[in-house]
Amino acid sequence: FVLSASSSHYCRSKAEMRHTCRGTINLATANITVEDSCNFIISNGGAQTYHLKASSEVERQRWVTALELAKAKAVKMLAESGREQSSGDEESVSQTDKTELQNTLRTLSSKVEDLSTCNDLIAKHGTALQRSLSELESLRLPAESNEKIKQVNERATLFRITSNAMINACRDFLMLAQTHSKKWQKSLQYERDQRIRLEETLEQLAKQHNHLERAFRGATVLPANTPGSAGSGKGKTLGPRGRRDISLDEQVTLMGEGLGSDSQGLRETENADSFLVWGKEGGYKYWLFCSLWVVEWLCFCPQYKHQLEETKKEKRTRIPYKPNYSLNLWSIMKNCIGKELSKIPMPVNFNEPLSMLQRLTEDLEYHELLDRAAKCENSLEQLCYVAAFTVSSYSTTVFRTSKPFNPLLGETFELDRLEENGYRSLCEQVSHHPPAAAHHAESKNGWTLRQEIKITSKFRGKYLSIMPLGSIHCIFHATGHHYTWKKVTTTVHNIIVGKLWIDQSGEIDIVNHKTGDKCNLKFVPYSYFSRDVARKVTGEVTDPSGRVHFALLGTWDEKMDCFKVQPVVGENGGDARQRGHEAEESRVMLWKRNPLPKNAENMYYFSELALTLNAWESGTAPTDSRLRPDQRLMENGRWDEANAEKQRLEEKQRLSRKKREAEAMKATEDGTPYDPYKALWFERKKDPVTKELTHIYRGGYWECKEKQDWTSCPDIF
């Protein structure tokens with residue numbers, strides 16, 4: 001158990017609290033009870049109850065004291081955050097606030113006067129009651145009655161004393177409030193003055209910023225050989241300190257001139273919506289801000305297209321930070337238990353701004369492993385690199401608990417890195433129910449990767465299981481080695497309560513269909529009671545006879561090592577195997593995970609590749625995921641608009657499906673042939689190696705992109 005500022009976490013060790021926490025209790029609403037000298041209970045009202053046993057009574061008391069202090073702090077923090085939230089949109093104290101304060105004091109004073117009047121009445125009636133009781137005592141009554149009368153008299157006296165004490169306390173409170181009211185008013189007035197000064201300063205800074213930006217857009221810099229002179233161009237004269245506004249028409253014109261001249265072209269600014277463009281006018285040179293849509297427009301102009309594409313090669317390194325929107329998870333998930341997740345409409349609050357096609361393309365993040373494998377002359381060594389590539393595709397999932405967008409039928413995604421990294425990739429959504437995506441990647445370094453993945457998922461209440469179905473093929477051109485394997489099951493834990501964490505479990509068999517070599521990888525599921533390394537992966541590379549040549553060891557989120565296994569003579573004279581971890585000198589690190597970018601926790605834990613996948617690129621197909629409007633709106637933080645757009649796209653897809661079903665039914669009734677939906681860039685046929693029906697790339701996409709001929713693409717957005 002790990003105690004934080006406002007919560008108690010149940011995990012195996014403090015280091016694993018971030019990703020494998022077994023449960024969390026919010027101490028602000030928790031009940032802490034002691035059973036006996038060593039046992040105590042923490043409960044949050046029924047959903048979670050933990051019975052804890054300390055080693056001694058002293059240890060138990062230390063824990064209870066720490067929990068009570070943490071609970072008090074959590075309650076205080078909750079109350080303060082509630083007050084901040086309720087007053088966050090209110091303005092600071094003004095003259096109205098002073099009036100309200102005076103009214104409050106007057107109200108308090110009147111209430112105290114009312115209490116004083118009540119006190120006088122109580123004293124009056126109490127005196128009359130005591131007088132009546134005294135008269136009763138003087139009468140000749142039984143001794144028992146006199147005793148009762150004395151008790152009543154004493155209680156009446158106590159009541160009068162208590163009421164007097166209450167009135168005195170109220171009067172003291174009013175005097176204290178009146179004494180401090182001037183101090184409060186002075187403090188509030190000071191805060192109000194500070195706020196006004198801050199607003200004036202911000203307004204002044206905004207004016208200065210606007211003034212500097214306008215000056216920057218039109219300012220010119222004199223050439224070194226003509227200081228103090230002024231040049232002109234196109235009928236306009238600009239001095240060394242001149243400035244003017246740049247209209248959108250001028251942006252297009254000046255950008256065109258700048259890109260067409262011997263300039264340095266275009267630079268992307270930190271703001272993703274604007275660019276800096278280098279241009280020339282007369283004898284002066286300048287940089288100017290230009291809106292993003294102008295840049296996109298110029299991409300269609302042949303004379304500027306090349307320069308813009310050269311500039312866009314610099315990949316983006318950040319995206320807008322994820323907004324902090326609250327959502328009642330249980331209100332949505334309670335109706336999803338036992339259902340297929342792809343058939344449940346989900347708000348974008350659960351998503352990350354990437355589609356499943358882009359997530360599939362992330363398998364190529366460590367493509368250099370396949371480049372190295374293509375250079376291997378030994379097929380068994382090559383198989384080690386293929387195994388490391390297989391494991392590396394899971395490294396991006398360790399913190400990625402958000403769900404990618406379900407692609408629309410016919411949606412595509414291309415990634416052209418032929419010049420930078422030597423490969424290009426194409427994905428297409430070939431089926432909607434069940435959802436299936438086909439992927440084809442080819443490299444000029446001598447390999448081809450293709451796969452068709454069908455995603456099935458089940459929500460089981462506490463966890464979500466994601467089972468990818470389908471084979472992955474990797475072919476090396478020089479040797480003809482053809483490898484196939486399947487993916488393991490991904491499980492998302494703590495769906496309802498606690499911190500989400502992901503685990504991979506199962507086995508992968510990688511087979512070389514040309515040589516018969518095999519590699520068996522075991523993804524060890526996480527166990528709270530295991531002393532083993534978390535997210536552990538082990539493997540063995542064997543030849544067709546079953547002899548082990550290499551042992552693999554590592555984790556799917558950090559690295560993979562390879563050990564060469566040497567045969568040794570056994571006790572009875574036979575051959576025995578020497579495990580790789582016993583021969584440390586033969587260790588070779590095949591793969592190590594790249595560090596995440598700075599502030600990745602605010603950007604959905606995207607890797608460097610993932611940050612670039614949704615960046616706008618010119619010339620892509622109109623069905624490309626980058627052009628999907630709901631995904632773009634979500635990336636820009638406009639989640640409400642993204643949810644509305646997502647519903648529109650899903651409704652459009654449903655209408656298209658109903659139209660196809662109606663056409664198929666009509667064709668059946670008329671007895672005419674009807675062609676079902678077919679993918680545009682992939683063809684469904686039997687795989688010659690696995691004999692499975694799968695979608696294989698038919699070609700033509702990159703040729704259409706070269707011609708910019710997208711007439712065959714459907715309208716899905």
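Here are some short exercises on the structure above, each with a worked solution.

This is a predicted model, in which local features need pLDDT of at least 70 and side-chain atom pairs count only at pLDDT 80 or more, while totals for chains, interfaces and linings use all residues. Residues are numbered from 1 along each chain as its sequence is written, and side-chain values use heavy atoms, with hydrogens and water left out.

**Exercise 1. Find where T448 sits, and decide whether T448 is buried or exposed.**

Step 1: Start with the element. T448 belongs to strand 17, residues 447-459. Helices (H or I, at least four residues) and strands (E, at least two) are DSSP runs, numbered from the N terminus.

Step 2: Check the accessible area. Buried means under 20% relative accessible area, exposed means over 50%, and partly exposed lies in between (1.4 Å probe, protein chains only). T448 has a relative accessible area of 13%, so T448 is buried.

Step 3: Look for a partner. The side chains of T448 and H477 are joined by a polar contact of 2.7 Å. A polar contact is a pair of N or O atoms within 3.5 Å; within protein, one must be able to donate a hydrogen and the other to accept it, and residues adjacent in sequence count only if both atoms are side-chain atoms.

**Exercise 2. Place H481, and work out which side chains H481 joins through polar contacts.**

Step 1: H481 lies in the loop between strand 19 (472-476) and strand 20 (482-485).

Step 2: With a relative accessible area of 9%, H481 is therefore buried.

Step 3: Go through the polar contacts of the H481 side chain. One reaches the side chain of Q382 at 2.8 Å, and another reaches the side chain of T479 at 3.3 Å.

**Exercise 3. Name the residues of the largest nonpolar core that touch the most other members.**

Step 1: Recall the term. A nonpolar core is a set of buried Ala, Val, Leu, Ile, Met, Phe, Trp, Tyr and Cys residues joined through side-chain atoms within 4.5 Å.

Step 2: Read off the residues. The largest such core has 64 residues, and L449, W485, I510, L521, F523 and L552 touch the most other members. Helix 10 (residues 379-392) gives the largest share of this core, 9 residues.

Step 3: Zoom in on one member. Contact means heavy atoms within 4.5 Å. Leaving aside neighbours within four places in sequence, L521 is in contact with residues including A387, V391, I510 and L552.

**Exercise 4. Find how far apart along the chain the partners E411 and R628 are, and decide whether they are buried or exposed.**

Step 1: A salt bridge is a side-chain nitrogen of Lys or Arg within 4 Å of a carboxyl oxygen of Asp or Glu. The side chains of E411 and R628 form one, at 3.2 Å from N to O.

Step 2: These two partners are 217 residues apart, with E411 in the loop between strand 13 (403-405) and strand 14, and R628 in the loop between helix 11 (608-613) and helix 12 (629-635).

Step 3: Both E411 and R628 are buried.

**Exercise 5. Work out how exposed K652 and D715 are.**

Step 1: K652 and D715 meet in a salt bridge through their side chains (3.3 Å, N to O).

Step 2: K652 has a relative accessible area of 25%, so K652 is partly exposed. D715 has 62%, so D715 is exposed.

Step 3: Finish with the whole structure, where a search finds 27 salt bridges.
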